[in-house]
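Subject: Structure handed over, with notes on what was found

Dear colleague,

I am passing on the structure below for you to look through. My notes follow it, arranged by topic, and I would be glad if you read them with the coordinates open.

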Amino acid sequence: MSAKKLNLREDLHIHSTFSDGADSIENNIRMAISRGLTHICCVDHVRRDTNWVPNYVDQIHQFRRKYGDQIKISIGIEAKFINAAGDLDLPDNIEGVEYIFAADHQFPYGIDIYNPRQIKELLDEGLVQQEVLFRHLIRATIGAMWKYSEQATVVIAHLFSILPKVGLLEQDIHIELKAALARAAIETGSQIEISERWQCPQLESAHFLWEMGVEMPVSTDSHKKETIGEYQFVRTIATQLPLLSIEID
């Protein structure tokens, strides 16, 4: 059983105006404090040509000095898979970043990524089987854990959120693939978030990963300050995990 407890006073995936968020980092921090949160992680989208990471890290350190006695503030970035080997769309200089969020914004398949419509067409035409797609997605996820865990803690963002977009169900993923995912997370010190915005992973997967001992932070993936720390789906998941492991308040 996981040594960590779900802590709904945390929100470890919050976007700001550094990428596609509506509010500044400081306004996000103030909102989190007003809602009684004890820990947040600032997370903004990056690509290979992103050049603002040093400035982003410096600003968060300034806010740590200003608000550090009221809340813990971590530094994260989010990048999408670019192939099934687990490579991410990351810039070279990410010094000072503490968490790398690996995201399935598009489907990693073979040496490339595909938008959901393309994958759905392949499925509909019988050119690929769902079991093959599951293996490629899990391979990408595990690959990112091993490739980047020495640079920062890898967090798998909104695990399986791509599946409904291509008409697949996460409950159809074979248990052995989920077990391989859990083992890789534990061996690399990676985490798998429970996402309020994307409502994933679903209870069956979350319960299995939790029982395997995977560390599972909770988050809203907020793009505006009003949703920070607001949990409904996550609270439901939390109440159905083993009772001795839950810390809701």
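The side chain of Ser 161 and the side chain of Asp 104 make a polar contact at 2.9 Å, and I should say at once that this, like everything else here, comes from a predicted model. Ser 161 sits in the loop that runs between β8 (153-156) and α5 (175-188), and with a relative accessible area of 6%, which is under the 20% limit, Ser 161 counts as buried. When neighbours within four places in sequence are left aside, the residues in contact with Ser 161 are Asp 104, Trp 198 and Cys 200.

Two further residues of the loop between β8 and α5 deserve a look for their backbone angles, namely His 158 and Phe 160. As general background, most residues other than glycine have a negative phi. In His 158, however, phi is positive, near 30°, and in Phe 160 phi is likewise positive, near 75°. Both side chains can be checked against their surroundings too, since His 158 is buried with a relative accessible area of 1%, and Phe 160 is buried with a relative accessible area of 3%.

Cys 200, already mentioned as a contact of Ser 161, leads to another backbone feature: the peptide bond from Cys 200 to Pro 201 is cis, with omega near -5°, whereas most peptide bonds are trans. Pro 201 itself belongs to the loop between β10 (194-195) and α6 (203-212).

Turning to enclosed space, how many cavities of 30 Å³ or more does a search of the whole structure find? The search finds two, and the largest has a volume of about 50 Å³. Its lining includes Asp 104, the polar partner of Ser 161, together with His 158 and Phe 160, and it is completed by Phe 81, Ala 102, Ala 103, Leu 137, Thr 141, Ile 156, Ala 157 and Leu 159. The elements that give two or more residues to this lining are β5 (99-103) and α4 (130-148). By residue class, the lining of the largest cavity divides into eight nonpolar, two polar and one charged.

The second largest cavity holds about 30 Å³ of space, and around it stand Leu 12, Cys 41, Tyr 99, Phe 101, Val 155, Gln 191 and Pro 217. Six of these lining residues are nonpolar and one is polar, with no charged residue among them.

The sheet gives a frame for several of these positions. Six strands form an open sheet in the order β2-β3-β4-β5-β8-β9, and the pairing is parallel. At the edges stand β2 (10-14) and β9 (191-192), each with a single partner strand, so one side of each is left without a neighbour in the sheet. Within the sheet, strand β3 (residues 39-45) pairs with strand β4 (residues 72-80) in the parallel sense over seven bridges. Cys 41, which also lines the second largest cavity, stands opposite Ser 74 in β4.

If you open the model at one place, I would suggest the loop between β8 and α5, where Ser 161, His 158 and Phe 160 are found.

With best wishes

Terms used: Residues are numbered from 1 along each chain as its sequence is written. This is a predicted model: local features need pLDDT of at least 70, side-chain atom pairs count only at pLDDT 80 or more; totals for chains, interfaces and linings use all residues. Side-chain values use heavy atoms; hydrogens and water are left out. On a 1 Å grid over the protein atoms alone, a cavity is a set of points where a 1.4 Å probe fits but cannot get out, and a pocket is an open set with protein on both sides within 12 Å along at least five of seven lines; lining residues have an atom within 4 Å of a point. Grid points are joined across faces, edges and corners, and a volume is the space filled by probe spheres set on the points. Helices (H or I, at least four residues) and strands (E, at least two) are DSSP runs, numbered from the N terminus. Ala, Val, Leu, Ile, Met, Phe, Trp, Tyr, Cys and Pro count as nonpolar, Asp, Glu, Lys and Arg as charged, and the others, Gly among them, as polar. Buried means under 20% relative accessible area, exposed over 50%, partly exposed in between (1.4 Å probe, protein chains only). A polar contact is a pair of N or O atoms within 3.5 Å; within protein, one must be able to donate a hydrogen and the other to accept it, and residues adjacent in sequence count only if both atoms are side-chain atoms. Contact means heavy atoms within 4.5 Å. Two strands pair if DSSP finds at least two bridges between them.
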